[in-house]
Amino acid sequence: MRKPRDFDTELKALEEKARELKTRKVQQLGELVIATGADQLSSDELAGALVAIVETKDTGKREAWAKRGVTFFESRSRRAASTSQRNPRSAPAQPGGPQSPAGGTGSQ
């Protein structure tokens, strides 16, 4: 005979996983803000810039921002690789570090 499913336990596990994912996303966004130097902006400036990006429908601008983002992450990867090659004792890059925002937009 089949054991009945414990929906409450499954739901709690899913809620915990969702909390973990949200926490990781918030941490990654914070790391991205710091890595780009945007932490030097006031909260109002940063929020205004992000709102402007979200509201932008100009695909040319969005594509240009995406290219800048790709270049930013590629240059960080090269710097990290060359640093670890020079210093074999350095810790490897952490998985789950800053990632490109959804939608391929970056800041200008």
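pLDDT is the predictor's confidence in each residue, from 0 to 100. The structure shown is a predicted model.

**Figure 1. The C-terminal stretch, residues 88–108, has pLDDT under 50.** The model still has 30 contacts for residues 88–108 beyond four places in sequence. Across the protein, the mean pLDDT is 82. A value of 70 or more is reached by 76% of the residues. Among the elements, helix 1 (residues 7–36) has the highest mean pLDDT, 97. Helix 3 (residues 59–86) has the lowest, 86.

**Figure 2. The fold is built from 3 helices and 0 strands.** Along the sequence, the pattern reads α-α-α. Contacts with a separation of 6 or more were sorted by distance along the chain, and 74% of them join residues 24 or more positions apart. Of the 108 residues, 11% count as buried. The accessible surface comes to about 9,200 Å². Carbon and sulfur atoms hold 56% of that surface.

**Figure 3. Helix 1 runs for 30 residues.** From first C-alpha to last, helix 1 reaches 43 Å. That is close to the 44 Å expected at 1.5 Å a residue. G37 follows helix 1. The phi of G37 is positive, near 85°.

**Figure 4. R5 and E10 meet in a salt bridge.** Side chains of opposite charge can pair when their charged atoms come close. Here the N to O distance is 2.6 Å. R5 has a relative accessible area of 52%; the cut-off for exposed is over 50%, so R5 counts as exposed. E10 has 31% relative accessibility and counts as partly exposed. The count for the structure comes to 2 salt bridges. The other is the subject of the next view.

**Figure 5. A salt bridge within helix 1 links E16 and R19.** The closest N and O atoms of E16 and R19 are 2.8 Å apart. Both residues lie in helix 1, 3 residues apart. That separation is about one turn of the helix. E16 is partly exposed, at 34% relative accessibility. R19 is also partly exposed, with a relative accessible area of 48%.

**Figure 6. T56 sits in the loop between helix 2 and helix 3.** Helix 2 covers residues 43–55. The relative accessible area of T56 is 15%, and buried means under 20%, so this loop residue counts as buried. Leaving out residues up to four places away in sequence, T56 touches K61, R62 and W65.

**Figure 7. F72 and F73 form an aromatic pair.** A search of the whole structure finds 1 such pair. The ring centres of F72 and F73 lie 5.2 Å apart. Their planes stand at 75°; over 60 degrees counts as edge-to-face, so this pair is edge-to-face. A pair of aromatic rings is described by the distance of the centres and the angle of the planes. F73 has 19% relative accessibility, which is under the 20% cut-off, so F73 counts as buried.

How values were computed: Residues numbered from 1 in each chain as written. Predicted model: local features only at pLDDT ≥ 70, side-chain atom pairs only at ≥ 80, totals over all residues. Heavy atoms only, no water. Phe/Tyr/Trp six-rings, centres within 6.5 Å; stacked < 30°, edge-to-face > 60°. Buried < 20%, exposed > 50% of the residue type's maximum accessible area, 1.4 Å probe, protein only. Helix = DSSP H or I, 4+ residues; strand = E, 2+ residues; numbered from the N terminus. Contact = heavy atoms within 4.5 Å. Areas by Shrake-Rupley, 256 points an atom, 1.4 Å probe, with all protein chains shown as cover. Salt bridge = Lys/Arg side-chain N within 4 Å of Asp/Glu carboxyl O. Expected span 1.5 Å × (residues − 1).
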